[in-house]
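This report looks at how the side chains of one protein chain are arranged, from the interior outwards.

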Amino acid sequence: MYKAKNINLYLIIFIIFLLIQALGKFYRYPIAEQLGISLNYFNYGNFYPDEILNIPFPHSVYFPGLAILINLLRLIIPDYYLMEILYFLAILVILGFFYLSLKISNEIFSNNLRYENFWLIIIILCLWPAKFWLFYAITFKTDILAFTLIIFSIYLSKPYLKKFSFSKKITKIILSIIILSFSILIKQQAIFIIFPLLIYFFLF
C-alpha cells in the first residue's frame with residue numbers, strides 16, 4: 001500500500017509538472033496553425049486560403065484533423081479559454097497513450113507481468129531518455145493524438161484476444177474503423193498502421 005501511495009503521489013506531481021510545462025508552450029506554431037485554420041472555417045467556410053478573397057488567411061501544411069476537433073470544442077468551450085484547454089487535452093492524451101498501452105499489455109499477458117511500478121518507470125523514461133519527446137508531445141503535436149486514437153481503436157475492438165469474434169464485435173469494430181479514420185485525418189502517416197493491422201487480422 002505504501003508503494004502504491006508513493007507512485008500515486010509521483011504521478012500527481014508529474015501531472016502538475018506537465019501542466020506547468022504545457023502552459024509555457026504558447027509559442028508552438030503547429031497548434032496555432034490549426035487554431036488559425038479552424039477560425040478560417042468559422043469565418044469563411046474553408047479551412048485553407050481562398051484565392052478569390054483578397055485577404056490574408058492563416059495557413060497550415062497539415063491535415064485539418066485537429067482543426068475539426070477545435071471546432072467541436074468551440075461548441076462547449078469559450079474561445080477565451082480554448083488554448084489552455086487544448087494544452088490540458090494534450091496532457092490527457094499523453095497519459096491516455098500510456099494507460100491504453102498498459103491495459104492492452106495487461107490483457108495480452110494476463111497475470112504473467114507485474115505492473116506495480118509501471119507509472120514510476122514511465123515517469124523516469126519521460127524525464128530522462130525521452131525528455132525531448134515529452135516536451136514535443138505536450139505542445140499537442142498531432143502525432144501523439146493520432147497514435148493514441150489508433151491504440152484506442154485497437155483496444156476497443158480487441159483483435160489481440162484469443163477469443164476474438166468478428167460477428168460479436170461488429171459494432172465496436174465499426175466504431176474502431178471510424179476512430180482509426182479520424183486518426184489518419186489528423187496525421188497522414190497514420191495510414192501505414194492499416195497494413196500491419198490487416199496482416200495481423202489475416203495471419204492471426
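The sections below deal with the basis of the model, its nonpolar cores, a buried polar residue, the salt bridges and a surface patch.

## Basis of the model

The model is predicted, so local features need pLDDT of at least 70 and side-chain atom pairs count only at pLDDT 80 or more, while totals for chains, interfaces and linings use all residues. Residues are numbered from 1 along each chain as its sequence is written, and side-chain values use heavy atoms, with hydrogens and water left out.

## Nonpolar cores

The largest nonpolar core (buried Ala, Val, Leu, Ile, Met, Phe, Trp, Tyr and Cys residues joined through side-chain atoms within 4.5 Å) has 38 residues, of which Trp 119, Phe 140 and Leu 145 touch the most other members. Each of the helices H1 to H8 supplies at least two residues of this core, and the largest share, 11 residues, comes from H4; helices here are DSSP runs (H or I) of at least four residues, numbered from the N terminus.

Apart from this core lies another, of 11 residues, including Leu 100, Leu 180, Ile 184 and Ala 190. Residues up to four places away in sequence not being counted, Phe 140 touches Ile 31, Leu 66, Leu 86, Leu 89, Ala 90, Val 93 and Leu 145, where contact means heavy atoms within 4.5 Å.

## A buried glutamine

Gln 34 lies in helix H2 and counts as buried at 2% relative accessibility, the term buried meaning under 20% relative accessible area, exposed over 50% and partly exposed in between (1.4 Å probe, protein chains only). Its contacts, leaving aside neighbours within four places in sequence, include Tyr 62, Phe 63, Pro 64 and Ile 70.

## Salt bridges

The structure holds 3 salt bridges, each defined as a side-chain nitrogen of Lys or Arg within 4 Å of a carboxyl oxygen of Asp or Glu. In one of them, the closest N and O atoms of Asp 79 and Arg 74 are 2.9 Å apart; Asp 79 is partly exposed at 47%, whereas Arg 74 is buried at 15%.

Lys 158 and Glu 107 meet at 3.0 Å, N to O, and this pair links the loop between H7 and H8 with helix H4, 51 residues apart. Lys 187 pairs with Asp 143 at 3.5 Å; because Lys 187 lies in the loop between H8 and H9 and Asp 143 in H7, the pair ties together parts 44 residues apart in sequence.

## A nonpolar surface patch

Ile 170, Ile 174, Leu 175 and Ile 178 make a nonpolar surface patch of about 350 Å². Ile 178 is in helix H8 and is exposed, with a relative accessible area of 53%.

Key
Patches are made of residues with over 30% relative accessible area and no salt bridge: like charges are joined within 9 Å, nonpolar side chains (Val, Leu, Ile, Met, Phe, Trp, Tyr) within 5 Å. Accessible areas come from the Shrake-Rupley method with a 1.4 Å probe; for residues, only the protein chains shown count as cover.
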